[in-house]
Every structure is written in C-alpha cells, then in structure tokens.
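Subject: Structure for your files

Hello,

Here is the structure I said I would pass on. My notes on it follow below.

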Amino acid sequence: INSDRAPYVKHKLRDKISRCSVTVCLIGSRTYASEWVDWEVIESVEQGKGLLGIRLKGSGGNGPPSLREARARIIDWEPEQFEKQIRRAALRR
C-alpha cells in the first residue's frame, strides 16, 4: 500500500484482512518491534481470524506482543508444515 496516510493504510489493510480466514505473521529478528505488524494482528483478532506465526528461516525472532497475547501458534520455517498449520489456525478461530 503506497501511502504515508495511516488512516488510508488501515482502511486498505482491514479490507484485506476481512477477505481471509487466517492471518500468517512472518517473524524475523525485528518483527516484534513493528507497530504495523502488531496492529494487523490485533485487527485480525478483532475480526475473529485464525492466527499463525512462522519464523523466517534462520530467525530466532519473537512475534509481536499481540501474537503472543492471542496465544497464536508459532512454528519454525518448515514449508512442509505450512498448509497443515494454516488449516489448524483456521479451525481455532
């Protein structure tokens, strides 16, 4: 979303979140500090979406506080597990 206007960005992100059943948070070494990622997770919880955190390959990072507060499952980078874990997250919503 190419904009510096936070209300516009939030509007667009809300729309995208509303069209999915699961929000996947890719976790790198600094993801925990991103206000935008934290906002997206909170919005996903408010919309009743499933949540899944996936640590990027080689990252030992923690997810944003909201991901942990929502008790979302966080998995390591194992592509063969992605589909199964996303399906599980969809069922937990």
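How many helices and strands does the chain have? There are 4 helices and 3 strands. Please keep in mind that this is a predicted model. Read from the N terminus, the order of the elements is α-β-α-β-α-β-α.

On overall dimensions, the radius of gyration is 13 Å, which agrees with the value near 12 Å that a compact globule of 93 residues would have. Along the principal axes, the C-alpha atoms fill a box of roughly 35 × 30 × 25 Å. Buried residues make up 33% of the 93 in the chain.

Two surface patches turned up.

The first is a patch of positive charge, where Arg73, Lys84, Arg88 and Arg92 gather. Helix α4 (residues 79–92) gives the largest share of this positive patch, with 3 residues. Arg73 is placed in strand β3 (residues 73–75). Its relative accessibility is 38%, so Arg73 counts as partly exposed, the class between under 20% (buried) and over 50% (exposed).

The second is nonpolar and covers about 390 Å². Val24, Leu26, Leu56, Trp77 and Ile86 make up this patch. Which loop holds Trp77? Trp77 lies in the loop between β3 and α4. With a relative accessible area of 34%, Trp77 is also partly exposed.

That is what I have on the chain and its two patches.

Regards

Technical notes
Residues are numbered from 1 along each chain as its sequence is written. This is a predicted model: local features need pLDDT of at least 70, side-chain atom pairs count only at pLDDT 80 or more; totals for chains, interfaces and linings use all residues. Side-chain values use heavy atoms; hydrogens and water are left out. Patches are made of residues with over 30% relative accessible area and no salt bridge: like charges are joined within 9 Å, nonpolar side chains (Val, Leu, Ile, Met, Phe, Trp, Tyr) within 5 Å. Accessible areas come from the Shrake-Rupley method with a 1.4 Å probe; for residues, only the protein chains shown count as cover. A salt bridge is a side-chain nitrogen of Lys or Arg within 4 Å of a carboxyl oxygen of Asp or Glu. Lys and Arg count as positive and Asp and Glu as negative; His and the chain ends are not counted. The place of a charge is taken as NZ of Lys, CZ of Arg, CG of Asp or CD of Glu. Helices (H or I, at least four residues) and strands (E, at least two) are DSSP runs, numbered from the N terminus. Buried means under 20% relative accessible area, exposed over 50%, partly exposed in between (1.4 Å probe, protein chains only). The radius of gyration is taken over C-alpha atoms; the globule rule is 2.2 Å times the number of residues to the power 0.38.
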